[in-house]
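Biologist: Could you take me closely through one part of this structure, and then connect that part to what lies around it? I would like the reasoning spelled out as you go.

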Amino acid sequence: MILKKYENVKKEVLDKYSELKKILKDEENDLADFDKIAENIKAEVFNLVVLGKHNSGKSTFINAYLNSEILPMDNTSCISAIIKIKNGEEFKLGVKKANDDWEYIMGESNVKQYIKDYAVRNNRFEKIPTALIYSEFLIKYEGDLNRIKVSGLNEAISSENNYDIDCKEYFYLIEQYIEEMRLKWKDIVVEFDIECPLPDEHKGKTIVEVPILSSSGKLGRLAEKNISVANAIIFLESLDDQSQEFNAFQNFLRNNTDKNKEGILFWVRNKIANFDDEKLHDLNSRVIKDCKNNIQEGNILFIDSKMQLFINKCKKLNTIEKIDEYFRSLEGQTLIIEV
């Protein structure tokens with residue numbers, strides 16, 4: 001729906017320009033600058049930015065949307081870097097480190113394994129705001145412990161204790177994490193650039209997954225840069241965590257969007273399988289009331305990306321016999337855990 005509307009407008013603009021050139025065919029020199037603009041429009045890639053808090057289901061959503069399981073989806077995954085996915089003839093991964101060095105990995109299995117290895121968060125630190133610490137302190141101050149300590153660290157992270165763990169334990173874990181990572185700050189991954197074969201309908205897109213650094217909706221510098229050139233923005237909310245996600249969305253609206261982006265902003269509410277129609281209607285009514293000045297009513301959507309993954313898989317299997325065999329193979333297993 002989003003891309004189709006964009007492509008229709010793009011075609012209309014280029015068609016009208018072609019008509020204008022015919023009318024002004026003797027004014028070629030005057031049209032040189034416009035020719036450059038037209039070429040840029042033709043070559044432009046549709047940038048779809050997906051963002052949301054940890055555990056909102058961003059990776060599962062992207063996999064379901066692309067009908068390809070590219071990103072890891074296990075419960076220990078916490079991707080704190082920008083991820084870009086675009087079409088390519090073969091699997092290739094570019095990895096940008098905090099010191100601006102790049103590393104390249106080739107081959108589907110190697111690419112997927114590398115992403116998984118660097119997406120898994122140490123369970124010991126799963127309840128502290130690692131993405132915020134990465135971006136705003138370890139990288140910003142190049143691991144310099146003295147500068148980090150006087151930079152307002154405690155103030156910035158005091159409101160991020162979303163698991164309500166004991167304050168002493170919370171700050172102790174943060175100190176331990178900084179001490180463990182401060183000498184490794186150059187190796188922190190800030191961006192994954194993935195090229196891989198995509199279905200025809202997605203070949204003109206770049207999908208960008210953006211992490212939110214804090215419950216206040218704070219974004220990193222690279223995230224803000226990608227949002228500034230977005231053709232569409234999807235904020236993904238998990239209905240398992242309505243109050244916190246709603247606050248994060250409101251904060252994102254307040255801090256990161258302007259009137260020019262209202263038409264391209266979509267609030268996609270994920271994990272609806274456990275909600276009946278009446279409950280979903282009530283949730284939708286509340287959102288429309290509270291956000292009517294910031295987002296168009298038609299841009300609020302309800303989905304279940306986990307369910308869509310199953311539908312995609314069943315379509316690929318094609319026959320009832322193969323589908324039955326697939327479900328029998330899953331008996332007793334944990335199927336998919338949202339990221």
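Modeller: In what follows, helices are DSSP runs of at least four residues and strands are DSSP runs of at least two, both numbered from the N terminus. Please keep in mind throughout that this is a predicted model. With that naming in hand, Asp-277 can be placed in helix H11, which covers residues 277-291. Asp-277 has a relative accessible area of 65%, and because exposed means over 50%, this residue counts as exposed. Asp-277 also belongs to a surface patch of negative charge, in which it is gathered with Asp-276, Glu-278 and Asp-282.

The part I would look at most closely is strand E1, and the contrast with Asp-277 is a useful way into it. Strand E1 covers residues 46-52, and seven of its seven residues are buried, so the strand is largely enclosed by the rest of the structure. The cut-off behind that reasoning is that a residue is called buried when its relative accessible area is under 20%. Burial holds on both sides of the strand: Phe-46, Leu-48, Val-50 and Gly-52 point one way, Asn-47, Val-49 and Leu-51 point the other way, and both sets are buried.

What, then, is E1 joined to? One partner is strand E6, residues 205-211, to which E1 is joined by seven bridges, with the two strands running parallel. Within that pairing, Leu-51 of E1 has Val-210 as its bridge partner in E6. A second partner is strand E7, residues 232-238, which also runs parallel to E1 and is joined to it by four bridges. Here Leu-48 of E1 can serve as the landmark, since its bridge partner in E7 is Ala-232.

From this enclosed strand we can turn to helix H8 and the loop that leads into it. That loop lies between helix H7 (153-157) and H8, and it holds Asp-164. The phi angle of Asp-164 is near 55°, a positive value in a residue other than glycine. As background for reading that angle, most residues other than glycine have a negative phi. Asp-164 is exposed, with a relative accessible area of 68%. A comparable backbone feature is found at Asp-100, whose phi is near 75° and is likewise positive in a residue other than glycine. Asp-100 sits in the loop between strand E3 (92-97) and strand E4 (102-106), and it is exposed at a relative accessible area of 52%.

Helix H8 itself spans residues 167-181 and includes Glu-175. Glu-175 is exposed, with a relative accessible area of 52%. Its C-alpha lies 9.8 Å from that of Lys-149, although 26 residues separate the two in sequence. Another acidic residue, Glu-180, has a side chain that meets that of Arg-124 in a salt bridge, at 3.8 Å from N to O. Glu-180 lies in H8, while Arg-124 lies in the loop between H4 and helix H5 (130-138), so this pair ties together parts that are 56 residues apart in sequence. Both ends are partly exposed, Glu-180 at a relative accessible area of 34% and Arg-124 at 40%.

The same kind of pairing appears elsewhere in the model. The rule requires a side-chain nitrogen of Lys or Arg within 4 Å of a carboxyl oxygen of Asp or Glu, and by this rule the count comes to seven salt bridges. One of them joins Glu-103 to Lys-97, at 3.5 Å from N to O. In this pair Lys-97 is buried, with a relative accessible area of 11%, whereas Glu-103 is partly exposed at 33%. Another joins Lys-203 to Asp-200, at 3.0 Å from N to O. There, Lys-203 is partly exposed, with a relative accessible area of 43%, and Asp-200 is exposed at 61%.

One last landmark lies in helix H4, residues 108-119, which contains Tyr-118. Tyr-118 is partly exposed, with a relative accessible area of 44%, and its C-alpha is separated by 9.6 Å from that of Ala-81, 37 residues away along the chain. To return to the part we began with, E1 is a strand whose seven residues are buried, and it runs parallel both to E6 and to E7.

Conventions:
Residues numbered from 1 in each chain as written. Predicted model: local features only at pLDDT ≥ 70, side-chain atom pairs only at ≥ 80, totals over all residues. Heavy atoms only, no water. Buried < 20%, exposed > 50% of the residue type's maximum accessible area, 1.4 Å probe, protein only. Pairing = 2+ DSSP bridges. Patch = residues over 30% accessible without salt bridge, like charges linked within 9 Å, V, L, I, M, F, W, Y side chains within 5 Å. Areas by Shrake-Rupley, 256 points an atom, 1.4 Å probe, with all protein chains shown as cover. Lys, Arg positive; Asp, Glu negative; His and termini not counted. Charge placed at Lys NZ, Arg CZ, Asp CG, Glu CD.
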